[in-house]
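Trainee: Before I use these labels, I would like to hear the reasoning behind them.
Mentor: Put the structure up and ask.

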Amino acid sequence: KRILFICLGNICRSPAADGIMRHLVAERGLEDEFLIDSAGIGSWHVGQLPDYRMLSRSEERFSRNAET
């Protein structure tokens, strides 16, 4: 099964969705059943890492969820 998350620049929404989906798939032990990726429709962020605000927010959220 293949899943592709797409947004404008592939530095915020689609990498966040990619990470969340990979986490959910891994929780269920289904990593070998899925090919998950993200992409952007524009080329202005090619080669850039995901946005630092998205990264810090997702780290914050996952660490808080791990405590519960």
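The questions below go through burial, contacts, a surface patch and confidence in a predicted model.

Trainee: Why is D18 called buried?
Mentor: Its relative accessibility is 8%, and buried means under 20%, so D18 counts as buried. D18 sits in helix 1, residues 13-27.

Trainee: What makes the pair formed by the side chain of D18 and the backbone nitrogen of S38 a polar contact?
Mentor: A polar atom of the D18 side chain lies 3.4 Å from that nitrogen of S38, and the cut-off is within 3.5 Å. Leaving out residues up to four places away in sequence, D18 touches F5, I36, D37 and S38.

Trainee: Why does D51 count as buried?
Mentor: At 13% relative accessibility, D51 meets the limit of under 20%, and therefore it is buried. D51 belongs to the loop between strand 2 (35-40) and helix 2. Its side chain makes a polar contact of 2.9 Å with the side chain of R53.

Trainee: Why is I6 called exposed?
Mentor: Exposed means over 50%; I6 has 53% relative accessibility, so the label applies. I6 lies in strand 1, residues 2-7.

Trainee: Which residues form the nonpolar patch on the surface?
Mentor: I6 is one of them, with L4, L8, I41 and W44; together they have about 570 Å² of accessible area.

Trainee: Where in the chain is confidence lowest, and where highest?
Mentor: Helix 2 (residues 52-67) is lowest, at a mean pLDDT of 71, and strand 1 is highest, at 96. The chain mean is 86, with 90% of residues at 70 or more. Where pLDDT is low, predicted coordinates should not be read in detail.

Definitions and conventions: Residues are numbered from 1 along each chain as its sequence is written. This is a predicted model: local features need pLDDT of at least 70, side-chain atom pairs count only at pLDDT 80 or more; totals for chains, interfaces and linings use all residues. Side-chain values use heavy atoms; hydrogens and water are left out. Helices (H or I, at least four residues) and strands (E, at least two) are DSSP runs, numbered from the N terminus. Buried means under 20% relative accessible area, exposed over 50%, partly exposed in between (1.4 Å probe, protein chains only). A polar contact is a pair of N or O atoms within 3.5 Å; within protein, one must be able to donate a hydrogen and the other to accept it, and residues adjacent in sequence count only if both atoms are side-chain atoms. Contact means heavy atoms within 4.5 Å. Patches are made of residues with over 30% relative accessible area and no salt bridge: like charges are joined within 9 Å, nonpolar side chains (Val, Leu, Ile, Met, Phe, Trp, Tyr) within 5 Å. Accessible areas come from the Shrake-Rupley method with a 1.4 Å probe; for residues, only the protein chains shown count as cover. A salt bridge is a side-chain nitrogen of Lys or Arg within 4 Å of a carboxyl oxygen of Asp or Glu. pLDDT is the predictor's confidence in each residue, from 0 to 100.
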